[in-house]
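Visitor: Could you take me through one part of this model slowly and carefully, namely a sheet, from the order of its strands to the residues that stand opposite each other?

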Amino acid sequence: MRTIKLLCFIIIGIALLYSCSNTKHLPTGEILYTGANVKVDAKGNVKPKSIRNELEGISRPKPNRKFLGMRMRLWFYNVAGEDANKGIKKWIKTKLGEPPVLLSDADPYLISDLMKARLNNMGYFVSKVDHEVNESGQKAEINYLATVSTPYVINEVRYPDGNDSLSVAIRKVADGSLIKQGNRYDLDLLIDERARVDSELKNIGYFYFNPDLLVFKADTTVGSRQINLLLDVKPDAPAKALSTYTLNRIFVIPGYSLTRKSRQPAKDTVYDYNYYFVERTNNFKHKSLNRYIRLKEGDLYSKNNHNLTISRLMAMGVFKFVNIKFNDTVIDGRNLLDAEISLTQLLPKTLKVDFDVSTKSNNYTGPALRASFTNRNLFRGAELLILTFNGAYETQLNGPQKGFNSWEAGAGITLITPRFLTPIRIKHESTLNVPKTKFDVNFTLLHRVQYFDMLGLNFTYGYIWRDSERSEYEVNPVAINFAKLQNKTAAFDSVLRRNPYLRRSFEEQFTFGSTASYTYNTLTGLPKDDQYYFKVMLDVSGNLLSLAHRTFTGEASTDERPYKIFNSRFSQYSKISTDSRYYRNFSRESTFATRIILGAGIPYGNSLVMPYSKQFFSGGANSVRAFLPRSLGPGSYNIPDSIGTGYFDQSGDIRIELNAEYRFKIVSVLRGAIFTDAGNIWLMRENEYLPGGKFEANKFMKEIAIGSGLGLRVDLSFFLIRVDVAMPLRKPYRPENERWVFDEINFGSGKWRRENLIFNIAVGYPF
């Protein structure tokens with residue numbers, strides 16, 4: 001309580017300081033500019049809110065930024081003083097502070113003219129903008145009043161009526177016009193329409209055309225505030241822009257180097273698949289490149305095929321740069337283009353080794369080694385081969401399980417081919433990407449001293465493709481996971497006897513099924529105000545094997561006599577999970593990020609519980625950060641001290657999780673965050689060994705764990721190191737009337753800090 005009171009006094013003190021100091025340091029005769037107010041006096045069919053938003057964006061300059069109603073950066077600037085030329089004062093003034101924005105920096109006459117011009121561009125031709133400077137002491141704001149009446153609307157849009165090939169071509173694309181009769185006149189829309197027509201023309205051979213050669217002629221004499229528009233080609237357009245071009249020779253240079261000039265000596269050029277391959281290297285099969293090049297000899301030039309060729313070649317994953325240069329020529333009166341496709345390769349083979357030592361919040365510490373070898377062109381067809389090896393060791397240095405340790409070793413092989421490999425040939429005409437086939441095999445050995453050894457083998461075979469820049473699909477028709485316990489100790493058997501649910505989870509570790517996922521992602525490319533990410537995953541297992549057993553044996557599966565394959569009980573279940581994220585970017589330096597995770601798995605048929613590796617978990621650095629990794633749930637279940645071993649995580653069949661985080665820049669590469677997490681896991685069925693773990697619609701909201709905290713991040717662009725500290729606000733495993741723990745917060749108590757402050761160190765953002 002003392003801490004909260006102290007913070008309140010500090011905030012009030014800062015508010016008093018800034019209010020009396022932000023103006024007294026102004027230069028003599030100057031006034032602090034506090035911003036602009038824009039009002040719209042609307043007459044007729046006008047939407048004042050949208051107009052006001054447009055005009056507010058024009059207002060300049062922008063006043064000093066505020067935080068919690070205070071101009072803190074201006075306050076820091078003033079505190080640093082006039083002699084802040086070096087040391088900490090200079091750092092405060094230049095990094096934390098910003099100079100005052102003065103009334104003399106504003107030019108209301110210019111801004112009024114710009115606002116009126118913007119109104120004209122929006123079709124509000126009969127309008128005016130007035131302004132008034134409102135001074136109060138050493139502060140001032142500018143009030144703008146826009147008087148706006150009914151806008152002009154489009155009555156008719158006409159296109160060139162000539163018989164030449166260009167006029168005919170423009171008329172053919174008129175059906176897709178962005179300008180419709182009855183729409184409000186909008187200059188931005190006219191500019192977009194010119195770009196659309198230009199794009200259409202470039203796809204039918206008009207290589208040298210550009211949108212600046214198109215002009216709209218407006219006739220406002222129609223009356224009743226209507227406009228007739230005529231789109232025409234400028235009379236001084238160059239002859240090249242008025243002609244179509246056909247592709248002639250196409251040169252492909254797989255071994256292009258940026259350090260030397262391109263050349264095409266005849267002695268090392270091979271004509272194959274209608275392309276001229278300049279053989280500086282023999283690294284690629286001609287067929288492997290041919291299938292991704294959409295520029296064809298004899299076709300009219302197409303901008304779409306031009307861009308598609310670049311995107312597909314880059315998507316092969318073996319080229320660092322792809323560049324296409326065109327040279328025009330005239331042969332027998334025909335306008336022709338020679339194309340030169342220059343391909344700069346990535347390093348074909350790389351070796352990467354990572355080593356780290358980590359300390360977890362459950363007091364387990366140890367080193368880890370990861371190594372990978374990559375061959376990006378295994379069979380000269382851009383096949384990607386990745387060989388991986390990993391090893392890790394951890395032990396609890398102090399705590400209830402001191403002396404317990406484990407080690408893990410694993411190896412994997414991944415092969416990705418840039419095409420579909422299927423029993424039945426599938427023709428994939430992706431507009432943006434290259435379809436891929438993926439084979440993945442992984443082997444792991446886990447040794448947990450005094451408990452067990454576990455052998456694991458995973459194999460997946462599937463396909464990855466896109467149908468747009470934002471949408472990606474992954475389907476794995478074959479997904480096999482096999483894990484087998486070995487060398488179980490008496491202590492581990494004792495744990496399994498006390499917890500049959502855990503025993504069944506470890507027993508049913510053989511899955512044979514299929515997985516599929518769909519991802520929609522707008523986070524790529526330039527940042528936007530609103531960005532979204534959504535992923536849904538489906539995982540089914542055991543259905544075909546169960547059907548085959550029932551068909552050939554005629555017997556139903558029971559818990560005493562389950563279906564088996566290779567003398568192992570296989571799992572049968574269906575599982576679905578979703579990950580939805582929304583990012584609101586207030587600026588390049590501040591973002592509000594949210595995430596909702598929903599998931600459910602249903603065991604049936606040959607299974608009573610979900611296999612351990614397929615269950616849901618909650619808590620940890622990328623989950624509910626106020627709780628230890630995998631320590632939440634299920635439901636209100638509170639794991640007894642007699643069962644807790646530090647190795648067996650709390651798991652469930654259902655997961656609900658919500659996260660919200662405000663991210664902001666502190667200084668240079670240092671970022672900050674304020675976050676709140678909520679979530680838990682539940683069981684699908686009642687379990688006497690996990691009381692309170694079943695999901696019930698009328699009580700699950702009361703079993704949501706909630707935590708909040710602060711974070712610091714070091715953002716070095718190529719990677720980000722994150723440190724978060726969080727504390728629980730609601731503990732679902734407590735009695736129902738004792739779950740909220742606000743009144744227990746006591747930062748001054750060492751015991752409270754040890755039991756409630758959870759530190760998470762990780763690489764990358766949590767979501």
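Guide: Two strands are treated as a pair when DSSP finds at least two bridges between them. With that in hand, and keeping in mind that this is a predicted model, we can start from the overall arrangement, which is an open sheet of 5 strands in the order E8-E9-E7-E11-E10, with mixed pairing. The edges are taken by E8 and by strand E10, residues 319-331, and because each of these has a single partner strand, one side of each is left without a neighbour in the sheet. From one strand to the next, the twist averages 25°.

Let us enter from the edge formed by E8. Strand E8, residues 269-272, runs antiparallel to E9 and is joined to it by 4 bridges, and within this pairing Tyr 271 stands opposite Tyr 276 of E9. The hairpin that E8 and E9 form has 2 residues between the strands, and in this hairpin Tyr 273 takes a positive phi near 55°.

Crossing E9, we reach strand E7, residues 246-253, which runs parallel to E9, residues 275-278, with 2 bridges joining them. Here Phe 251 is the residue to follow, since Phe 251 stands opposite Tyr 276 in E9. Tyr 276 is thus set opposite Tyr 271 as well as Phe 251, so that a path can be traced across the strands through these residues.

The path goes on through E7, which is joined by 6 bridges to strand E11, residues 334-345, and the two run parallel. Phe 251 again marks the way, for its bridge partner in E11 is Glu 340. Read as a row, then, the residues are Tyr 271 and Tyr 276, followed by Phe 251 opposite Tyr 276 and by Glu 340 as the bridge partner of Phe 251. When thinking about which way side chains point along any one strand, it helps to recall that in a regular strand they alternate between the two faces of the sheet.

Beyond E11 in the strand order comes E10, and at this end of the sheet a helix joins the picture. Helix H9, residues 303-315, lies across E10 and E11, and its direction makes an angle of about 150° with that of E10. E10, which H9 crosses in this way, is also one of the edge strands of the sheet.

Notes:
Residues are numbered from 1 along each chain as its sequence is written. This is a predicted model: local features need pLDDT of at least 70, side-chain atom pairs count only at pLDDT 80 or more; totals for chains, interfaces and linings use all residues. Side-chain values use heavy atoms; hydrogens and water are left out. Axes are lines fitted to C-alpha atoms, for helices over the stretch in contact, and angles run from 0 to 180 degrees between N-to-C directions. Contact means heavy atoms within 4.5 Å.
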